[in-house]
Each structure stands twice: as C-alpha cells, then as structure tokens.
2 protein chains.
Amino acid sequence: MISEKMKVYTQNNSAIRAMFEEGRRLAAIHGAENVYDFSLGNPNVPAPIQVQEAMIDILQTENPVAVHGYMNNAGYEEVRAKIAEHLNQLHQTHFHEHNILMTVGAAGGLNVILKTLLNPGEEVITFAPFFGEYRNYAANYDAKLVVVSPNTETFQPNLKEFEEKITAKTKAVIINSPNNPTGVVYSEETIQQLSAILNKKQAEFGTDIYLISDEPYRELVYDGVFVPYLTKYYANTIVGYSYSKSLSLPGERIGYLVIPDEAADSENMMEAAKIANRILGYVNAPSLMQLAVARCLDSQTDVSYYNRNRELLYNRLLEMGFTCIKPEGAFYLFVKSPVEDEHQFCEAAKKYNILIVPGSSFGCPGFVRISYCVAYETIQNSLPKFQELAKEYF
Amino acid sequence: MISEKMKVYTQNNSAIRAMFEEGRRLAAIHGAENVYDFSLGNPNVPAPIQVQEAMIDILQTENPVAVHGYMNNAGYEEVRAKIAEHLNQLHQTHFHEHNILMTVGAAGGLNVILKTLLNPGEEVITFAPFFGEYRNYAANYDAKLVVVSPNTETFQPNLKEFEEKITAKTKAVIINSPNNPTGVVYSEETIQQLSAILNKKQAEFGTDIYLISDEPYRELVYDGVFVPYLTKYYANTIVGYSYSKSLSLPGERIGYLVIPDEAADSENMMEAAKIANRILGYVNAPSLMQLAVARCLDSQTDVSYYNRNRELLYNRLLEMGFTCIKPEGAFYLFVKSPVEDEHQFCEAAKKYNILIVPGSSFGCPGFVRISYCVAYETIQNSLPKFQELAKEYF
C-alpha cells in the first residue's frame, strides 16, 4: 500500500500534467495537427545550435571518465566559476564559484533550498497566481504554504496583504518573475517595496526570512522590460535558475542555485544545500549538461519566436472578446474565464480540441492559462476554434 | 538559519564524500599521481564507445525539441518498452512499458519509491554493512532504518536476526547484491529463504512488505557468479537500477525502477511513483540519457578491467597480512582493520596518501572499504605504500 500522503496526491493529480496526457490521447484519436495543446510549458523552439555543437564537441574531444563521472555534489568547479562570472558581468554582482550550486533543474534547486531551510510547521509565502508545485515542494518538508491573494486587475503582488501574512514562522518567500502563469514582470519599485517589508519584518521578529527567486523565465521578456536581479535589493535572497526555457532543455534537468555571501548563514547554507542535493537523491546535476551549458552562457533562445506567438494570440483573443493582461515575459496568457467556474470553460474548450489549464491549479480560480510556447501554426490553426469557443460566450 | 535536521547533517557529513574532497586537496599538494584515492565508487573505465556514438547520433539526427523536451514523468514510452523487453529477454520476466519508471540514477529511484511507500514512523530494514545513504533516504520520509547486524565472517545476510526484526511497522526491506561495500553476492538459496521469511511475516502481520533491490552492480560480477532477479522470487519486489556503473555514467544520473504487476497495489504505486518523481523535483530522468541508454542495452562496461584490479589488490593485501573476503561482484574490498577503531587505521593510511573509507560509514565498524574502480597503475603504485602501512601492524 502506498503512503497516506501519496494517496491524496494520486487522487488530486496535477491538472497540468493530466492535461498533457489528455493532449496525447486526443492527438492519437484526431491527429496531432488537429489538437491545440496549450497545456504545458514545453518549449517548441529548439535548443540553440551552439548547445548541440557544444555537446558533440565535448563528447568527441573530452575524456569520458571526466565528462560522465562524479564531481563535487555542488557541480564542476569550473562550471560554477564561469556561471558566477557571467552573472557578475550581467548584473554587476560579486559572486564566486562557492556561491553557485548546480541543480537538477529549477525544481531540483527549489527542493534543495527548501530542504536546507525548512523546519516542520514553518511557513513559506507565495503570491497567487503561482506555480502549483510550490505547494507540493513546501509539503515535502512539512512546511505550510501561505498564499497571498491575487490582484486580478494587474497581477502585481498584493504587498499590503503580504505584510500582514508575515509571521514569526515565515522562513521563506517564493516569487516568480517573469511569472508563470501571468507573464507579469515585477517592477524595480515593487521589488524595493517588497524588500523593505521583509527587512522591517525581519527586524520586528528577529528572524531571517529568505526570498527565493524562482526565475526560469528571466531571459524571456518582451519590449525590453527590465527584470531586477534580486540579490542586489535584499541580502537574504536565493536565486533558483533553470536552462529549461532559456536554452530549451526542459527534459535535461539542468539549473543552479545562487547562495550569495550576503545571505545570513550563507556558508552553512551552501554546505547544507550540497548535502541536501546528495541525500535527496539528485547527487549532482547531470554532468554532460553542466559542461554544455557552461560553454553556452551567451546563447539565447529565440525570444522573437515567442513574441510573434504572443502578439498573434493576445490580439486575436482580445478581438474575440476575451479579457487578458498583456504578458511582459514568459510564454503564457492568463485569460479571464467567461464563466465563473473556469473548469467549465476548460471543458468547453476541449470540445474544440483546445487544451488549457484551469487557474485553480495556480491558486487563482476564474482564469485559465494558455501556454503559447507552441508552433506558430498551432496558434494560427487554433484561432477559428477559439472563435467558435468565444461565440458560446460573447 | 538552516533547518535543525540539516544542522545535524552538516555536523556529520558523509565520510565518503569528505574523503573525496580530501583526495583532491592532497592531489593539489602532492600531485594526483602520488595520491591513492580509493574512497569513491567513481568508475575509471570509460563509458562504452557505443554510448558516445549513440549520444552523438541522437544529437545529429533527431529533433532537438523531442530529445531535450518534457515527456511523461515516467520517461519516454519507447525507452521504457525497450528496457522492459530487454529485462524479459535476460531474466524470462514479463514486464511491460508500464512497469518501468525512468529515474535520476538509483539514488533518485530509491527516493521515489520510499516517498511513494513510507508513512512517518514506519520501518525500513537493511543489512549491515550497507550503503550509508539508505539511512538518509529513510529519514527523508520520517521513517526509521532498522539495521540487521553483519555476519563479519561471510557478510551474507543474518536471516535469523532479520526475521526477529520484522514488525507490523516494517514497510520495506532494502537489499544490495552485489553488495557495496563487501562485494558479496547473495545466493539463490539466500534469496529463497529471505522471501520465505517475508511471505511468512506478511501473513502473520497482514501487511505488505516491499523488498527493494538496489542493484547498480548487477552486471559487475566475476567468475560467472549468478545474481538472481528478485521479482521472480518474491511478488512484492521493486528493483532499483542505475547505469552509473554498468555504463560508467555516474555523473549523468540515469536509472530506472521496476514495479512489477505482481506487487500489491502496483497500479497505484506506479501512479504515485510518477507523482513522487515530479514533486521531489526530479520531474523526469535526463532526456538525452534516456534515449542514449535505450540504444545501448546490450553494451557493457569492461568487467575484465575491474577483475584485474581485484585480483592484484586482493592477493597482494592478503600477502601483506590483511584479512578480507574475496569479492564476487562490485568493485570494493572490505578489509578488516588491524586495529579496533578503523578510523585510526584510515588516518594511518592517509600518511601514505592512501584514502580509504571507515566501515562505520556502512554500519560496520572495524572494517574499511577500498574502492578498486581506479586505474590499474594506481593500484600498482600504491602497493609499496600499502606494504609500509602493513608493516605498522603485522
């Protein structure tokens, strides 16, 4: 018999993943070209050619014992040093090799840092709408996820409610900007206010509150929007990064954590995070991928591809009568459901072979997430279907 | 501040890993060629050429969006089907794609299945000496590791004590054959007796007790020794496999779990294990590596290389006066410490730049583990140093 906790999970399986499976089922029936699967953040833009070239070159020229072998649980020293230097160039920070821990994607990184920090019963605050897995990650360490309710006009963080929800038990705050599912980017002013609140509350409670910045979408921004680098605004910041979106490598599970010297207890934290990386069973981030991304730090996915998708889908959905904030980053539209229960709307969309995810999965009912990291043609071909769907409501 | 649990870990960091770091420190001082690092199971035999060729071919010919993208959390269907078929050919089993879950190495697989099964306070039994991480993996899910004391003559499992230690709270038993750190292989008769005990105790307590077979060393056996495939002996068996040793890919983190149809609650278990794979932050096993190993199921590491190391080191150490059981598998010698406290012996070895791991790390004080998955020359060059070390005692 499986554990009691896992029984609950199997009964409430991730709506996003269930949708992914549903898409494959529908594709098998109707043909993949007739299913409009907007359910998952699985980039349709191939990895930059430099990534392929780097992997092949490493495989052809380097010693396989070193390429595929164990290394420090934190990752290859030279990889970590290169990433630190690259961040310093981009953000005028002062990181070193010892501030970087290579992880099994951002999901691995978040689990490592939460295991490192959390005692049972402690609280992790996040802002709705949020990536639903945060709830599971916090639960892995018997912590409680405290959710700040969404501002459904702007989808900027509700800082007043945030301040009220910080308690002596608050150990961490997770923010995600550019945001999944809204595409909103938190402005520098927002970050400054949020930092001021955290500093005030740390002083008030005499605690350390760590701000965990989950930023797999950092590079996916449009119209030149500025994304502040949070370690420069708040000392107790940990950054979780992933190459899943920026280099289109989601299946490879490669990312890193930044634990700056400025963070309280940073040396112990890095030491504990290395151990957490080991004992959670990751052991280390996949070795070939570590070496490959280190050679491709200046490579970028083709943001113009996503931008073209964004413009097309956003503009056409608005013309059809839908309501949606224009995303400044990531590759999602967070659209207001035309009926109160967005599950009904998602079911209605399914009749047209359109797969979208209920906002409830992100702690924000009444909305739906549409992933536009698909082929441009998928969006083009889906538009008549969206039009038919719209006619049911407007 | 880091969590209370992690504080304890940072204070008692893994002796094996600490040794690995020590080896690198000594190498920097004395030169790598003058340090005899027998501390880690990091294979010195390169991955078979077929693995490199498969990776390069995949990178050159397949669609990168598919190669590096998300797939089912359990892994690519075609990879799982090929592995099931391969196991069936080898062991006359009857597995299907749905019995295989691709994991981030064996460590990832063990964590997935333990999270799937364990309620807080439940017990996991293992046999000393054992891979020390089992204790941490059980603790990750607030379970208790119950250790059966070693038979230090044969290092075969002490089945009488095992039977006594099974309680109504026993949820799982982890065995590891070929064994790290002893190299012992459990005979078919042993497996039959162990299965009979488990069946009897399941009936007595009315519980399911899952036998988890951790077998990264399955293919690393010498002198044609037979390694039974446990699902054929006991219905509630889960197999955890890794390509770390068999294909020399430890840094790549690629392995799988087998959850047979015969296991109680197997359908729910697989469903829960997929979710555990996702929410523990692995998400899926690294994608390129999944595709690569599926093309190399018939490839093997060069066991003769390890065998040559085994023969040389084993025979010479015995000549010098050391006591050790001759390993039938894996790539470790488990040598009796000539002094009661083996930590003293490890410290003495360090004077000669010989790095070996205290048996206490494996729940078996009074012994030391010597990893012989190193270059043959390392063993040759270390022998005069071992001789000097021996002279301190014999």
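**Exercise 1. In which loop of chain B is the place of Ser248(B)?**

*Solution.* This is a predicted model, in which local features need pLDDT of at least 70 and side-chain atom pairs count only at pLDDT 80 or more, while totals for chains, interfaces and linings use all residues. Residues are numbered from 1 along each chain as its sequence is written, chains are lettered from A and ligands numbered from 1 in the order in which they are written, and side-chain values use heavy atoms, with hydrogens and water left out.

Step 1. Helices (H or I, at least four residues) and strands (E, at least two) are DSSP runs, numbered from the N terminus. Ser248(B) is found in the loop between strand S7 (237-242) and strand S8 (255-258) of chain B.

Step 2. Buried means under 20% relative accessible area, exposed over 50%, and partly exposed in between (1.4 Å probe, protein chains only). With a relative accessible area of 4%, Ser248(B) is buried.

Step 3. Most residues other than glycine have a negative phi, and most peptide bonds are trans. Ser248(B) is not a glycine, yet its phi is positive, about 50°.

Step 4. In chain A, Arg253(A) lies in the loop between S7 and S8. Arg253(A) has a positive phi of about 60° although it is not a glycine, and at 2% relative accessibility it counts as buried.

**Exercise 2. Locate two cis peptide bonds.**

*Solution.* Step 1. In chain A, a cis peptide bond joins Ala128(A) and Pro129(A), with omega about -5°. Pro129(A) belongs to the loop between strand S3 (123-127) and helix H7 (133-140) of chain A.

Step 2. In chain B, the peptide bond from Ser177(B) to Pro178(B) is cis, with omega near -5°. Pro178(B) sits in the loop between strand S5 (170-175) and helix H9 (188-205) of chain B.

**Exercise 3. Describe the surroundings of Tyr241(A) and classify its pairing with Tyr256(A).**

*Solution.* Step 1. Rings of Phe, Tyr and Trp (its six-membered ring) pair if their centres lie within 6.5 Å; planes under 30 degrees apart count as stacked, over 60 as edge-to-face and the rest as tilted. By this rule there are 43 aromatic pairs over all chains.

Step 2. The ring centres of Tyr241(A) and Tyr256(A) are 5.0 Å apart and the planes stand at 25°, so the pair is stacked.

Step 3. Tyr241(A) lies in strand S7 (residues 237-242) and Tyr256(A) in strand S8 (residues 255-258) of chain A, so the pair ties together parts that are 15 residues apart in sequence. Both tyrosines are buried.

Step 4. A polar contact is a pair of N or O atoms within 3.5 Å; within protein, one must be able to donate a hydrogen and the other to accept it, and residues adjacent in sequence count only if both atoms are side-chain atoms. Such a contact, of 2.9 Å, joins the side chains of Ser246(A) and Tyr241(A). Ser246(A) is in the loop between S7 and S8 of chain A and is buried, with a relative accessible area of 3%.

**Exercise 4. Compare the placement of two salt bridges in chain A.**

*Solution.* Step 1. A salt bridge is a side-chain nitrogen of Lys or Arg within 4 Å of a carboxyl oxygen of Asp or Glu. The count over all chains is 42 salt bridges.

Step 2. Glu122(A) and Lys171(A) meet in a salt bridge of 3.2 Å, N to O. Glu122(A) lies in the loop between helix H6 (105-117) and S3 of chain A and Lys171(A) in strand S5 (residues 170-175) of chain A, so the pair ties together parts that are 49 residues apart in sequence. Glu122(A), at 15% relative accessibility, counts as buried, and Lys171(A), at 7%, counts as buried too.

Step 3. Glu161(A) and Lys165(A) form a salt bridge of 2.9 Å, N to O. Both lie in helix H8 (residues 159-165) of chain A, four residues apart, about one turn of the helix. Glu161(A) is buried at 15% relative accessibility, whereas Lys165(A) is partly exposed at 30%.

**Exercise 5. Characterise the interface of chain B and chain A.**

*Solution.* Step 1. With contact meaning heavy atoms within 4.5 Å, 80 residues from chain B and 80 residues from chain A take part.

Step 2. Four salt bridges are counted between the chains. One of them joins Glu133(A) and Arg278(B), whose closest N and O atoms are 2.9 Å apart.
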